[in-house]
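Let's take a look at how two protein chains sit against each other. Have the sequence and the 3D view open as you read.

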2 protein chains.
Amino acid sequence: MLTYSGLLSVDAMAENSDEINECKAEEETEKNWNRTSHTHSFLESLTPSDREGNSSTQSSHRLLAYSDALISIIATVMILPVAHTKLEDDEELKESLQQLLTTKIAVYLMTFLIVTVAWAAHIRLFQVIERIDDFLALLNLACMMLITFLPYTFSLMATFPENILGILLFCACVIVIGMIQAVIVVYGFSHPFLLNDQIQMSDNQDFYKWHILKVIFRVPILCLIAIIFSFIFTPLSYVLLAIVVFLPYISQSVKWCCRKATGQQEDSPDAILLYSYHPNEPLSKERVEAFSDGVYAIVATLLILDICEDNVPDPKVVQEKFNGRLVEALQEFGPEFLAYFGSFATVGLLWFVHHSLFLHVTKTTRLMGLLNTFSLAFVGGLPLAYQLTHEFPHNSRNELEAIQISCSIIFLAGVFQLAIWVAALFGERAALHPYVRYSGRDHAFMFAKLALYPCVALGTFVLTCFLTRFSAPIFHLMEITVPFAFLLLRLLVRASLALLRLLLSPIRRAVHSARGENETYRPLSEEAT
Amino acid sequence: MLTYSGLLSVDAMAENSDEINECKAEEETEKNWNRTSHTHSFLESLTPSDREGNSSTQSSHRLLAYSDALISIIATVMILPVAHTKLEDDEELKESLQQLLTTKIAVYLMTFLIVTVAWAAHIRLFQVIERIDDFLALLNLACMMLITFLPYTFSLMATFPENILGILLFCACVIVIGMIQAVIVVYGFSHPFLLNDQIQMSDNQDFYKWHILKVIFRVPILCLIAIIFSFIFTPLSYVLLAIVVFLPYISQSVKWCCRKATGQQEDSPDAILLYSYHPNEPLSKERVEAFSDGVYAIVATLLILDICEDNVPDPKVVQEKFNGRLVEALQEFGPEFLAYFGSFATVGLLWFVHHSLFLHVTKTTRLMGLLNTFSLAFVGGLPLAYQLTHEFPHNSRNELEAIQISCSIIFLAGVFQLAIWVAALFGERAALHPYVRYSGRDHAFMFAKLALYPCVALGTFVLTCFLTRFSAPIFHLMEITVPFAFLLLRLLVRASLALLRLLLSPIRRAVHSARGENETYRPLSEEAT
């Protein structure tokens, strides 16, 4: 589907090519362009001097897409140190996992969280600043550079918890990011045509400017305090940093609880104007999709990054050890390839489910965004889990545990996807396409799609608990059958609905005849849920 | 800016929420939805039975964005084995580069080329199939999985040129990809509402179907022949594979030459209907942008991937070697951090130039797409080049050569960006926004933006040739000043234009007075080019 801007330019192109022979004067085509392009026609409404000085005003669409791509890559990168930790074969998996869990996995999850918090702040900022120019584009790039550096400061903190260098670096980055954001806001308010239309129209722009700056400066000030305390009493500065990370979530849930406790109706204050978080506030659906696509894409290809680099055997080794038989040499890497295809298929299918779900979501709330983040954080761990399943000797306890960890990760990633749908269902009616609401005609089908991975993962987990000796074959069978299950899902859902109807109809008929009523049947999909 | 679908759903949401209390019947909201949504209103025009069976028809927008992300990551991945090749310090860089050049860099460039060819085929296919359903989405994922595996087969081929396994694997992948594409086409033509509107309206759909299938099967058949020859005479099968890779480019340039030679006017046959390449055929601008964004994003973060993994010192080492002084331990990694920030800034600014350019491009031709691919291939090499500049001792010949290689790569990446603009300028008038055409008011500014990096890189290169002893400081100075040059570029361009006018006006006045004419001045920007 074309973007709006795409449509406009096609439009403008058609008009231009028609007139290309007629109009010679530059002014005429320029006027014509302005007439067809909405962003430029907006510029027309400004005073000429304003327009003259800022002809480079641009839609921020692509800048945001690029930022989403960068942030999603950085969010998933910290899984690499976890994946590359070499586990000893003779060591028990549990012990080595203990060591992993304490530092690297914690770093991964913390990074994922802090990066998504930075991303949420970025979304919020560019909901206020809707148009950009070159200066803002360059400032945004500087901001991105600092955000991509945050994971490193986190791993320093995790490796050297006693040393304050990690805290200092992290706080310095956050303070500079805050200052850049403040410059963006000040610049935006001094060039009002860059702002959100709503703020642009309002009379008390100054009030909003100071309010937004106050909200932005909360975080750098907390970091400054954390720096001061890091010289005096380090643990307190960690507490302050945790508050920085969780601040939006804390304030959000406190507000929500207050509202529920006092029984107050939602007055839904204007979130953009007041620059604050609300659980039901719509998030840009497009940006959530772009961020998710980035995470799914980088996670799907994480293993091939390693394979291309490490799994091409050395020609000398092949000559000496395998007498030049390449196929034999490659058989050593067999498990890696299996892990690659397994994880690619799983990540791809989880993307497919996500895609189907968001196709029917018409409005993304902050709660749904949060659930999506959790789901993505588990998706990021998948390649690692798949690689573990093939690294240990058959029928060892390690292999069993690796398979069970994989199942748990798939289960959690799938369950959080399901939770997004449930949140949309229980939230507002407007958040879902009518087809997939209760009693919509694709309701049962969507439920089956979302429930397939959690159910299969749970089933595999339970089976491997009982049939420990066959855990690897069960897991591989699961990997192979799930894609086919997705292909045949529509048929399966129809068949099971028909079966359900067959089973239920005698009971219902009995109930009906007992009541003596002659009701029409309720729609099928209601029975299925 | 909202996408078209975004606008529609907002539209639909507003309508839904208005009517939410009134309409109770499901049919009513469903009808309402169909009225506001274009893709669904299209479904309305079909027979009810068609509609019933295919309610899951979807816009392919997000599927294509995800495919773009996957393909762009895979295209740039093969730079990693190049970057991780350890160069010996005492060895001359030239010698080790010889070895690198012969295999790894060749593999990188070949991968980039084959992946972009696969991407072009993917674009072409989904210009015919404009809507997707679940089945097509899953088939596309399978296709992506095989495409991501292609780089590995290439590195096998490069490492073991004598062994036919690489050829067999590559050909097997391509054949399966071709078969999946054929299935997609057959499925699309058996569900005509998935097709491009133009084909859908035409009477001889069967003719187009067979024509497209014939074009698709050309490549797998060539691969099949290559497999057969690989058992008889291996070099011939390499020639065949090269033909496979270059086939579209060869046929394109042959056609172009024929047309120029016979002096025939461009009859511009319908490229989508005939499923063939034409140099002036419009490429989807949105997909070119998405692919470029993906490459720029992964390249910008490639170095932080390594830094997060390798450059966190071991606590034991810090304790023993540096007496627990972390800052001293980190100073060892200083050059890596410098390389990261340098390459991030350069890649970010090249993205910024690309973004500015494509903001003013209204139509992307295939030639521009090809030039963009070349530019991106050099951008992919940047992190490696930057890392090299910091790996060698100061004032060594190696350092000088690494700096000169970096300059060349920046120069080439920038020059190909400039070439895109030139192609757009010399191509059709409709390919550019009036502002940046000849005598447009931003023409000189855009030229300065595009020319800045090539000029600076060339200047640095020449300077390092003369001032060999100061090559490193010159290079670092370049890194630091370029971002500021971009910030101040508009001012600089204005100043230099004013200067040019001042210098030229007495000359011109003299010419004018000599001729006795009283012409009006030509627009400024014409003088600048």
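Here is a short tour of the interface, the symmetry and two residues.

This is a predicted model, where local features need pLDDT of at least 70, side-chain atom pairs count only at pLDDT 80 or more, and totals for chains, interfaces and linings use all residues. Residues are numbered from 1 along each chain as its sequence is written, chains are lettered from A and ligands numbered from 1 in the order in which they are written, and side-chain values use heavy atoms, with hydrogens and water left out.

**The interface**

- Chain A and chain B each put 109 residues into the contact (contact means heavy atoms within 4.5 Å).
- About 10000 Å² is buried between chain A and chain B, and carbon and sulfur atoms give 71% of that; buried area is the accessible area (1.4 Å probe) that two parts lose on being put together, summed over both.
- The rule finds four salt bridges across the interface of chain A and chain B (a side-chain nitrogen of Lys or Arg within 4 Å of a carboxyl oxygen of Asp or Glu).
- You can look up a salt bridge between the side chains of A:Asp293 and B:Arg62, at 2.8 Å from N to O.
- On the side of chain A that touches chain B, helix α17 (residues 334–359) gives the most, with 15 residues; helices here are DSSP runs (H or I, at least four residues), numbered from the N terminus.

**The symmetry**

- Turn chain A by 180 degrees, with a shift of 0.0 Å along the axis, and it can be laid on chain B with an RMSD of 0.1 Å (least squares on the C-alpha atoms of residues with pLDDT of at least 70 in both).
- That's the relation of a two-fold axis.
- Both copies use the same surface, as 100% of the contact residues of chain A recur in chain B.

**Two residues to find**

- B:Ser72 lies in helix α5 (residues 61–77) of chain B and is buried, at a relative accessible area of 0% (buried means under 20%, exposed over 50%, partly exposed in between, with a 1.4 Å probe and protein chains only).
- Beyond its neighbours within four places in sequence, B:Ser72 is in contact with B:Phe291, B:Gly294, B:Val295 and B:Ile298.
- A:Asp206 sits in helix α11 (residues 205–232) of chain A and counts as exposed, at 53% relative accessibility.
- The C-alpha atoms of A:Asp206 and A:Glu336 are separated by 59 Å, with the two residues 130 residues apart along the chain.

Notes:
Helix = DSSP H or I, 4+ residues; strand = E, 2+ residues; numbered from the N terminus.
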